[in-house]
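Me: Got a minute? I'd like to go through a model with you.

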Amino acid sequence: MSGIKSDTAIKLPISFILCALVAFVTSLFILLVNSQELLAGQFRFPEIWMGAHFLLLGFAVMIAMGAMYQLVPVAFLTPIWNQSFGFVQFYVTVVGIIFLSIMLGINPSLAIYGGILTVIGILMFTFQMLKTLAKRKENTAMSHLVLAAILCFLLTILAGLSLTWNFAFGGMANHSSILYSHIAFGVAGWFTLLIFGFSYKLVPMFSLSHGASMKRAKPSFYMYVFGLLLLILSFWLNQSFIQPLSWLFLLIGFGLFALDIKEILTKRLRRKLDKPFHFATLAIINGWVIHVAAFFISLFHIDDPVIWSWLIFLYIFCWIIFSILGYLFKIVPFLWWTHKYAERIGKESVPTLKEMINEKVSGYLFIVFYVALFGILISTSIQSGVTLFFFLAILTVNGLLYALSIVAVLFK
Amino acid sequence: MNDLVQDALYDVIDPELGINIVDLGLVYGIDVDEDNNVRITMTLTTPGCPLHESIENGVKHRVREIEGINTIDLQLVWEPSWDPTKMSLKARKMLW
């Protein structure tokens, strides 16, 4: 360990995170004003594409990038390859995502130009991470998961670029197959594998767990990746048995991961978990339940696109976004504490990381997120536009309060 | 002088856990020679702990405040690795 410097430069991760919070609130607002399209299950609609891309690219991807600039040095004991390159990548990606998302909403035929810029930004990011990870000392299940996530990220943008190319110039058959592959590589490949990977470092660290075997990490990885490949295959081949089989492998892979996390938490030394961390771990249960639902829905060959669209919506919100929202309350205080207090520890009294956040408020925010999501689901089930708008409004306001409470950490 | 250094290290708090590094069992050894050169051997709860630079700085800053201290040599080691049995009863109670 001696000689390895944990990269605690905060400017780059914080830049990503602050932009991501703006995109988060923007995306929720877009969903709010398009509540009627959501009610009708019209997810393939320009304004919804705009909201979805602000949410997934503007928020989730930007958070993932910012977090990786902080977590990769921590988890793999290797410094970031080139910080200056990281800032160039940041600006290229931000401009690309904003242009892509807005154009998807107002003029999809021009989205290709934002898409190209976004692809350049993402390629720069993956190059940066691969150069950084190349210096890692050992191959572990965690490195497999993170590398597979990066590969899925590349495939996601390749599929996404093909879609925007089709909007602009046409000429590609199988638009729907490309779209489904784009979604699967993005949400199940990139985000899920990344959360799996970093959970193996973060969960023991935040719960102070010791002695967990993590023996299911590799089987979980192989099962999930195999399931994902089968799922992609099912979009291209019209064989009805492939999709239920793919969901079965995805479910087993996710279940093995969940069992590992359960074992880690059982062996924890810290009885009372922080509320944000607790919220992030609860998201694992959400993810598992959604996988169970997806398996049974595919098993009974229910092909209703509205049901699948809502399932994807819940997968994104209750698993991916909730995981991110929970971990962000741990990551940002750490970044800011390091910036402000790292040189003062031992010289004077400094706050603990827990004192950097208002945990009580975070608890309320997380409860309201669940209430809003539950309300949205019920409103859609009973086809009530008024209550859907009401719960989307709660989600939007709560998202804004969440973003402000994260920003408030920077004033501690 | 050994006792003075150990007492000082009780003031260095792990910011994530809110417990001092001595009760956490992170300090493996303190050696002070006749010229008051201090050698501290310590570990962290996990390799790659993101707070390792901060905790190292905290140890150096706090020990430097002791009157008469000459040099400080801080050795961060991973063998033997930290485990919960190294924690004091007080630390366990604080966590549980």
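Reply: Sure, we can take the interface, then the salt bridges, then some strands. Keep in mind that this is a predicted model.

Me: Interface first. How many residues does each chain put into the contact?

Reply: Chain A gives 29 residues and chain B gives 29 residues.

Me: And what area is buried between chain A and chain B?

Reply: About 2,600 Å². Carbon and sulfur atoms give 63% of that area.

Me: How many residue pairs are in polar contact across the interface?

Reply: The rule finds 7 between chain A and chain B, with both residues at pLDDT 80 or more.

Me: Which helices of chain A supply at least two residues to the side that touches chain B?

Reply: Helix H7 (175-207) and helix H11 (305-341) of chain A. H11(A) has the largest share of that side, with 4 residues.

Me: How do the residues on that side of chain A divide?

Reply: Into 13 nonpolar, 10 charged and 6 polar.

Me: On to charges. How many salt bridges are there between chain A and chain B?

Reply: There are 2 between these chains. Over all chains, the structure holds 14.

Me: Which residue meets Glu16(B)?

Reply: Arg270(A), through a side-chain salt bridge at 2.8 Å, N to O.

Me: Are Glu16(B) and Arg270(A) buried or exposed?

Reply: Glu16(B) has a relative accessible area of 13%, so it is buried. Arg270(A) is at 7%, so it counts as buried too. The cut-off for buried is under 20%.

Me: Where do Glu16(B) and Arg270(A) lie?

Reply: Glu16(B) is in the loop between strand E1 (13-14) and strand E2 (19-20) of chain B. Arg270(A) is in the loop between H9 and helix H10 (275-299) of chain A, so the pair joins two chains.

Me: Which residues are in one network with them?

Reply: Salt bridges with shared partners link Arg270(A), Asp274(A), Lys330(A), Lys354(A), Glu359(A) and Glu16(B).

Me: Now inside chain A. What does Asp260(A) meet?

Reply: Arg216(A), in a side-chain salt bridge of 2.9 Å, N to O. Asp260(A) lies in helix H9 (residues 242-266), and Arg216(A) in the loop between H7 and helix H8 (217-236) of chain A. The pair therefore ties together parts that are 44 residues apart in sequence. Asp260(A) and Arg216(A) are both buried.

Me: What about Glu263(A)?

Reply: Glu263(A) forms a salt bridge with Lys267(A), and their closest N and O atoms are 3.4 Å apart. Glu263(A) has 15% relative accessibility, so it counts as buried. Lys267(A) has 37%, so it counts as partly exposed.

Me: Switching to strands. Why is E4(B) largely enclosed?

Reply: Because 4 of its 5 residues are buried; E4(B) covers residues 38-42 of chain B.

Me: Which way does E4(B) run against strand E3 of chain B, parallel or antiparallel?

Reply: Antiparallel, with 5 bridges joining E3(B) (residues 27-32) to E4(B). Asp31(B) stands opposite Arg39(B) in E4(B).

Me: What is in the hairpin of E3(B) and E4(B)?

Reply: There are 5 residues between the strands, and Asn36(B) takes a positive phi near 60 degrees.

Me: And E4(B) with strand E5 of chain B, parallel or antiparallel?

Reply: Parallel, again through 5 bridges; E5(B) is residues 72-76. Thr41(B) has Gln75(B) in E5(B) as its bridge partner.

Methods
Residues numbered from 1 in each chain as written. Chains lettered and ligands numbered in written order. Predicted model: local features only at pLDDT ≥ 70, side-chain atom pairs only at ≥ 80, totals over all residues. Heavy atoms only, no water. Contact = heavy atoms within 4.5 Å. Buried area = accessible area lost by both parts, 1.4 Å probe. Salt bridge = Lys/Arg side-chain N within 4 Å of Asp/Glu carboxyl O. Polar contact = N/O pair within 3.5 Å; in protein donor to acceptor, adjacent residues only side chain to side chain. Nonpolar A, V, L, I, M, F, W, Y, C, P; charged D, E, K, R; others polar. Buried < 20%, exposed > 50% of the residue type's maximum accessible area, 1.4 Å probe, protein only. Pairing = 2+ DSSP bridges.
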